[in-house]
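Q: Please take a close look at the charged side chains and how they pair. Where do they sit, and what do they meet?

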Amino acid sequence: MTAGLRDIWVYLSASPLLALTMTLAAYQVGLWIHQRAGRHPLANPVLIAVVVLVALLLGTGTDYATYFEGAQFVHFLLGPATVALALPLYRQIERVRRSLLAITVSLLTGSMVAAASAVGIGALLGASRETLASLAPKSVTAPVAMGISEQIGGLPSLTAVLVILTGILGAALGPLLLNLMGIRDMAARGLAIGTASHGIGTARALQVSDLAGAFAGLAMGLNALATAILLPLVWRLVL
Amino acid sequence: MLFFLTVIFACQLAGELLVVALGLPVPGPVAGMVLLFAGLVIRRGIPDDLARVGDGLLSNLSLLFVPAGVGVMLHIALIGEQAVAISVALVVSTLATVAVTALAMRLLGRGSGGGEG
């Protein structure tokens, strides 16, 4: 790099615009590959964007805090977007009302399986106690999961990462598993994906159908509530 | 349009305040979602401009998780040390959760008018 170019790089990397543009561009790359792969769930745009950005940041020696100064503007919109999930939910209000009992029982069962199976498998394979506590709330939307993790002795920032990985896994593998199981009911598909993989699963479900998206958003909200109340109690009783 | 963007932000703000004031175990935006939902039920409909703003946000929901996802670079070392336990636990548990929830919903949803969506 010539001195002039280096000056430009130093200037740009200090401004939030670069990280913001990189985030949008990496996501465009993710979307493009997703389209090219025939919208296959495994070609998840979030996963692709994250891989591209981590490679870029590690390659240029940029730390996460510097990146986040720009990326926070995208991150901030998660709040208002979560509020907007009231729209698909309202559109499916009749369907939700008809299946209220089925939704409640399925969701509580799924919520327990999510925490118990993660902790059980992690313990069997020798994960540390701190890692297990960070794993337990992995199916819950990040802000709530971080609070639960802290309460039961996990690392909130590790939990945030495990939550995102779980979201990507659920969005990528969930639809394939549901296809294998022959479950075509969009309400059941959405509820399952939303319970297992919170907002990232919900984003994926919304792309497929409004009904699936509404049930996924509902499942995300209720799972956060159920896990926040039940997990710390069970954790103290069992472990 | 700007009016309804303000409404959405106001719901989130009210949700955050409610959560802190009552010590609720949910995040502020989820409480805000409940507030907006209640407003729609009372109003018995979604105004067109609210639909435009809200659906615009939701159509790009995936993008909004990218900055948090990049945070994986902070924990690459720790995850590497326990890579097998963490990855098997995440994959198997996520698949088990999807399967159990969907099966329960299919079994229970039959009697209550569930069907092809």
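**Charged pairs and a lone lysine**

A: Arg95(A) and Asp185(A) are both buried (under 20% relative accessible area; exposed is over 50%, partly exposed in between; 1.4 Å probe, protein chains only). The model is predicted, so local features need pLDDT of at least 70 and side-chain atom pairs pLDDT 80 or more, while totals for chains, interfaces and linings use all residues. Residues are numbered from 1 along each chain as written, chains are lettered from A and ligands numbered from 1 in written order, and side-chain values use heavy atoms, without hydrogens or water.

Arg95(A) and Asp185(A) form a salt bridge (Lys or Arg side-chain nitrogen within 4 Å of an Asp or Glu carboxyl oxygen), with the closest N and O atoms 3.5 Å apart. Arg95(A) lies in helix H7 (residues 93-98) of chain A (helices are DSSP runs of H or I, at least four residues, numbered from the N terminus). Asp185(A) lies in the loop between H11 (156-181) and H12 (186-208), so the pair ties together parts 90 residues apart in sequence. A network built from shared partners joins Arg91(A), Asp210(A) and Asp55(B).

Take that network arm by arm. Arg91(A) meets Asp210(A) in a salt bridge at 4.0 Å, N to O. Arg91(A) is in helix H6 (residues 86-91) and Asp210(A) in helix H13 (residues 210-238), so this pair links parts of chain A that are 119 residues apart in sequence. The other arm runs from Arg91(A) to Asp55(B), 3.0 Å from N to O. Asp55(B) belongs to helix H3 (residues 48-59) of chain B, so the pair joins two chains. These residues are partly exposed: Arg91(A) at 35% relative accessible area, Asp210(A) at 34%, Asp55(B) at 29%. Over all chains the count is five salt bridges.

Lys138(A) is another case. It is buried yet has no salt bridge. The nearest side chain of opposite charge (Lys and Arg positive, Asp and Glu negative; His and chain ends not counted) is Glu130(A), 19 Å away. Lys138(A) sits in the loop between H9 (129-135) and H10 (142-151) of chain A. Its side chain reaches the backbone oxygen of Ala114(A) at 3.5 Å. Beyond four places in sequence, its contacts (heavy atoms within 4.5 Å) include His198(A) and Thr166(A) in chain A, and Leu90(B), Ser93(B) and Thr94(B) in chain B.

Methods. A polar contact is a pair of N or O atoms within 3.5 Å; within protein, one must be able to donate a hydrogen and the other to accept it, and residues adjacent in sequence count only if both atoms are side-chain atoms.
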